[in-house]
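Q: Hi! Could you walk me through this structure in plain words?
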Amino acid sequence: MITLRNIQKTFNRGQANEISALRSVDLTIKDAEFVVLVGANGSGKTTLLNVIAGAILPSEGRVIFDQEDVTLLPEHQRSRWVARVFQNPLGGTAPDLSILDNFRLAALRTQKKGLRIGINQAFKAKVKDRIALLGLGLENKLQQPIGSLSGGQRQALTLLMCTMDQTDILLLDEPTAALDPKSAEIVMGTAENLIKELKLTTVLITHNLQDAHRYGNRLIQMAEGQVIRDLNQAEKENLKREEMFAWFG
Amino acid sequence: MIFYLTALVLGLCLSAMGLGIFITMKIFRIPDITTDGSYTLGAVVTALLLAAGWPLPAIVVITALAGAAAGMITGLVHTRLKIDALLAGILVMTGLYSVNLSLLGRSNLPLSDANTVFTLFPLFSNPVLNELIVGLFFLAILAGMLAYVLRTDFGLAMRATGNSESMTRALGINNDRMKIIGLSIANSLTAISGFLVAQYQHFTDINMGIGIVLVGLGSVLIGDALISWLGIRKIGWQLLFVALGGILFQLVLAVALSLGIDPAL
């Protein structure tokens, strides 16, 4: 469960270019809830996601995972709970390392990276099985540098990497923004399966209203750093696509 | 022939530094020029301890630790004080000049009487061959250890840090800590080059490190060209090619000198 209490974030405080990215956001996201976050550019969606991930510390307010106050924990310590897929396909993988090496690191997200060689036959077989689920034929290219793959393939792999270790919270920041429709379909399909199967608490940011309508069981609209609409599962299911389009009209 | 063998031995001695620069430049993508200072630091510590009659194994360890401390300071200045890596290196390198000078107490110290690491295994009557064996021995040990570390989970985390910081942060890796450790390892390797070269040339000079970073960069550039040309992906082989780059660098210098090019040019 993620609890955000009175989260505020002001950039460049006291200067001419002061920006209030978040003004008092109160939000509770229950376990296994799949929240879709929509809103215009600059509405504070990505800032909110970064506050949850720990990449940005809020100016005010508390961030609480389950019972634990994590407000002051930096991003690399919050990885115990949080796995992320970035908007930029390059952000979530190390291009010069092989697919296998990338998966090895992902498998240790919540653990210590010690002085032992962790890639063995069993691990290889496990990664191979996982990657085969994507149906992209990448399971036979484990030694290939991940940078030689397309953006869609990398994004799909990043998503799988998120589930290589114990994950409670999955943050997806426009994961398909840089992808062609077919790759986007694969990535979103994979995401939905994993989220359901592993009962992940998920926050998805998207500008694609089709996706916003189709995926998730809670819909939140943000504007000017505040939550302006919050629809639960039943309300979201009853929401007609045209109505949603009208929000942005 | 002896002339080229000598160049080969010097290349082997300096290849440890090449490995260090490979770590900072290719793995972390940090332009670290602490090298000039930590190389001399290694030579200074070696000279002082040898003159004081310390055993060689202890000297190697202390030299490596001294180099690691230098790298750690650069790392701390870069990550904690948020100073540009190049500038952090310049600061520590300049500071080390004073440290080295006050440690050594004078501008140079000859080691002619001391038993050096190169006289440790007198297997052949020709001293150059013995030196060659010692150089190969050190390279094999250092490259072997480094290759192992870089293949471990920790090593993967190190390699990923220079590649994609957003990814490593999200995977629970403390990038700052990684950079500090990386710079420490790199500069301790550089100090070991200082350890070897001081004994090889039988003296330590306060100015011996000036510009030495260029030799290391040259080795890495030659090595890297070979690595990408041959498409080598295994990290252990990459390290060997960096060492080979260092040796080629010295051989090229030797050829240039034998052609009669004025070294003071």
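A: Happy to! Let's begin with some vocabulary: axes are lines fitted to C-alpha atoms, for helices over the stretch in contact, and angles run from 0 to 180 degrees between N-to-C directions. Contact means heavy atoms within 4.5 Å. Helices (H or I, at least four residues) and strands (E, at least two) are DSSP runs, numbered from the N terminus. With that in hand, α5(A) lies across β6 and β7 of chain A, running at about 175 degrees to β6(A).

Q: And what kind of model is it, and how do the numbers and letters work?
A: This is a predicted model, where local features need pLDDT of at least 70, side-chain atom pairs count only at pLDDT 80 or more, and totals for chains, interfaces and linings use all residues. Residues are numbered from 1 along each chain as its sequence is written, chains are lettered from A and ligands numbered from 1 in the order in which they are written, and side-chain values use heavy atoms, with hydrogens and water left out.

Q: Back to α5(A). How many residues does it have, and how far does it reach?
A: Helix α5 of chain A covers residues 151–162, which is 12 residues, and it reaches 17 Å from its first C-alpha to its last. That is close to the 16 Å expected at 1.5 Å a residue; the expected span is 1.5 Å times one less than the number of residues.

Q: Is α5(A) mostly covered or mostly open?
A: Mostly covered: 11 of the 12 residues in α5(A) are buried. Buried means under 20% relative accessible area, exposed over 50%, and partly exposed in between (1.4 Å probe, protein chains only). Among the buried ones are A:Gly152, A:Arg154, A:Leu157 and A:Cys162.

Q: What do they pack against?
A: In chain A, the buried residues of α5(A) pack against β6 (82–85), α3 (99–107), α4 (121–132), β7 (169–173) and α6 (181–198). Chain B joins in too, with α7 (165–170).

Q: You mentioned β6 and β7. What order do the strands of the open sheet have?
A: The sheet has six strands in the order β6-β7-β8-β3-β9-β10 (chain A), with mixed pairing. Its edge strands are β6 and β10 (226–231) of chain A, each of which pairs on one side only. Two strands pair if DSSP finds at least two bridges between them. Neighbouring strands here are turned by 20 degrees against each other on average, direction ignored.

Q: How many bridges are there between β6(A) and β7(A)?
A: Four, and those two strands pair in the parallel sense. A:Val85, for one, has A:Leu172 in β7(A) as its bridge partner.

Q: Which other helix lies across these strands?
A: Helix α1 (residues 45–53) of chain A lies across β3 (34–39), β6, β7, β8 (201–205) and β9 (218–223), running at about 150 degrees to β7(A).

Q: Tell me about β3(A). Which residues are on each side?
A: A:Phe34, A:Val36 and A:Val38 are on one side, with A:Val35, A:Leu37 and A:Gly39 on the other, and all of them are buried. In a regular strand the side chains alternate between the two faces of the sheet.

Q: What does β3(A) pair with?
A: Four bridges join β3(A) to β8(A), running parallel, and A:Leu37 stands opposite A:Ile205 there. β3(A) also pairs with β9(A) in the parallel sense over five bridges, where A:Val35 has A:Arg218 as its bridge partner.

Q: New topic! How many residues of chain A and chain B are in contact?
A: 32 residues of chain A are in contact with 22 residues of chain B. The area buried between them is about 2,200 Å², with carbon and sulfur atoms giving 62%. Buried area is the accessible area (1.4 Å probe) that two parts lose on being put together, summed over both. A:His76, A:Lys113 and A:Ile117 supply 26% of the area that chain A buries against chain B, more than any other three residues.

Q: How many salt bridges are there across the interface?
A: The rule finds four between chain A and chain B. A salt bridge is a side-chain nitrogen of Lys or Arg within 4 Å of a carboxyl oxygen of Asp or Glu. B:Arg159 and A:Asp101 meet in one (4.0 Å, N to O).

Q: Last one: what is the phi of A:Ala32?
A: Near 65 degrees, a positive value in a residue other than glycine. A:Ala32 is found in the loop between β2 and β3 of chain A, and it is partly exposed, with a relative accessible area of 33%.
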